[in-house]
Amino acid sequence: MAFHVSLVGRDDLSGEIYRQIRQAILDGRLRPGERLSATRELAAALAVARSTVAIAYETLVAEGFATSRTGAGTFVSHQLEAKRPASKTRRSTSRAIRVREVWETISLPPFFLRAARYDFRAGLPDASLFPHRIWRRVVAHALRSREMTAGRYENPAGNRDLRAAIARHIGISRSVSGSPDDIIVTNGTQQALDIIARVLLDPGDVVAVEKPGYSPPKHLFKALGARVVGVPVDSEGLVVAALPADARMVYVTPSHQFPLGMAMSLSRRRALLAWAERYNAVVVEDDYDSEFRFGGRPLEPLQTLDTTGRVVYVGTFSKTLLPALRLGFMVVPPSLREAAYKAKFVTDWHTPTIVQNALARFIDEGAFARHIRRVTRIYSERHEMLTAGIRSNFGDYLHLIPSSTGLHIAAYARTASFDDIDAIASRAFDLGVAIQSFPLEGKPQAGIMLGYGAIETARIAEGLRRLCRCFDERVFRRPKAA
């Protein structure tokens, strides 16, 4: 790799080449064993005499920063590996650039970076069930496609074949109505929410979200300058009567409320749509994992019930396939279509062409539907086993919330506080068990989510046994107040 040396306004050219290469070695930009540019090449690139570069190299060799091998070239010395000092910051931070205060309130999620033998975290599918062989084939076909050979930028809304395949799939599986023109392919749910927020929200606009609810959208809306208002949920879902009249947008997870897991009732869905029409608001329906249903009659999506064009339907392939693919989509009403296309364009122009082309073929061949049927059977078994285990062994500690959809279940802590649950989660992780907790805003106790996508069926029983031990240690043996 050619190394950049700046000689603009410098007098001691050999010394400057030496000093800049030396600093690059010390701070790790040039690693031990790496070959330095040939003196003839670097001299030509810098428009200096070859002898000027040769003098700099000779000094580096003499001081032990580099070694020279006849016929091979000059290399960074391996002797520096053990004694390289820690790199220093490139510039002083005494007058660091100030960022907006909202970014001080947002934390990156560290939990997915750590592995756990008994992984009950929500939102993770089983990567071992992914059809890697079929996916390799459709990706190979995508690499030979006319889009790839043309090498052009594509339509911001996405690959036409994929949008048509998605429209057919959600039309059959979820009764969601929409043409390929209504669909925009995104880099996951979060980008879909970012696009619609950019289209709809001005700074200070009110966005209503579920309480408790999914945190990343709340952070996103705040980062864009919106005022986020939490609205309580009950056994029927979002309490429509508690919505603020000035809300410009309402974000909901009606098919499988996150994190509690209940489905929004049909009467509540109709009430929400009527409210949106009355107050001229938009409803964003996040249907993140409803492909996995283990019983009961599926309720119609808000988008299907909508007759006035006020619902934006958001879907993802992170739960059905893999989060690593970063593929999602949204179905927008015609009145928002053009603006949403433009928002996608200014955000990143378009989602990578190869994965779009591959997924279109994967769906059209029927491989996606077969994959969903296969993993649903496996997830159903895990859901049943986990539900039964919580009911039989955690009755003193947890109140299970009924749910027959998705990749996680949730439970209220009967007496444990959020601090208790946090301590239990920490202790459980020491035993190889990963869970996620959430605060019940306005209440002293907390809740936990237990996912069954990432854990093997055979490990569920032992994982629950270890988790129960943590509850025993923290809650059962806790001294009771006098």
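Which residue takes a positive phi in the hairpin of strand 15 and strand 16? Select the five residues between these two strands, and you will find that Gly442 is the one, with phi near 85 degrees. Bear in mind throughout that this is a predicted model.

**The whole chain**

Before going further into that region, display the full C-alpha trace, which spans about 85 × 60 × 50 Å along its principal axes, and colour it by secondary structure to show 15 helices and 16 strands. Of the 482 residues, 50% count as buried, and the chain exposes about 24,300 Å², of which carbon and sulfur atoms supply 52%. If you then colour by charge, there are 66 positive and 49 negative side chains, with the centres of the two sets 3 Å apart.

**Around strand 16**

Return now to the hairpin and select strand 16, residues 445–451, where six of the seven residues are buried. Strand 15, residues 436–439, runs antiparallel to strand 16 and is joined to it by four bridges; within this pairing, Phe438 has Gly447 of strand 16 as its bridge partner. Next add strand 13, residues 408–417, which is also antiparallel to strand 16 and is connected to it through six bridges, with His408 standing opposite Gly451.

**The eight-stranded sheet**

Hide those strands and select the open sheet of eight strands, whose order is 4-11-10-9-8-5-6-7 and whose pairing is mixed. Its edges are strand 4 (183–186) and strand 7 (237–238), each of which pairs on one side only.

Start at the edge formed by strand 4 and show its side chains: Ile183 and Val185 point one way, Ile184 and Thr186 point the other way, and all are buried. In a regular strand, side chains alternate between the two faces of the sheet. Moving inward, strand 4 and strand 11 run antiparallel and are joined by four bridges, and Thr186 has Gly328 in strand 11 as its bridge partner.

One step further along the order, strand 10 (residues 311–316) pairs with strand 11 (residues 328–331) in the antiparallel sense, again over four bridges, and here Tyr313 stands opposite Val331. Finally, add helix 7, residues 188–200, which packs on the sheet and touches strand 4, strand 8 (247–252), strand 9 (282–286), strand 10 and strand 11. To check the orientation, compare the direction of helix 7 with that of strand 10, with which it makes about 160 degrees.

Key: Residues are numbered from 1 along each chain as its sequence is written. This is a predicted model: local features need pLDDT of at least 70, side-chain atom pairs count only at pLDDT 80 or more; totals for chains, interfaces and linings use all residues. Side-chain values use heavy atoms; hydrogens and water are left out. Buried means under 20% relative accessible area, exposed over 50%, partly exposed in between (1.4 Å probe, protein chains only). Accessible areas come from the Shrake-Rupley method with a 1.4 Å probe; for residues, only the protein chains shown count as cover. Lys and Arg count as positive and Asp and Glu as negative; His and the chain ends are not counted. The place of a charge is taken as NZ of Lys, CZ of Arg, CG of Asp or CD of Glu. Two strands pair if DSSP finds at least two bridges between them. Contact means heavy atoms within 4.5 Å. Axes are lines fitted to C-alpha atoms, for helices over the stretch in contact, and angles run from 0 to 180 degrees between N-to-C directions.
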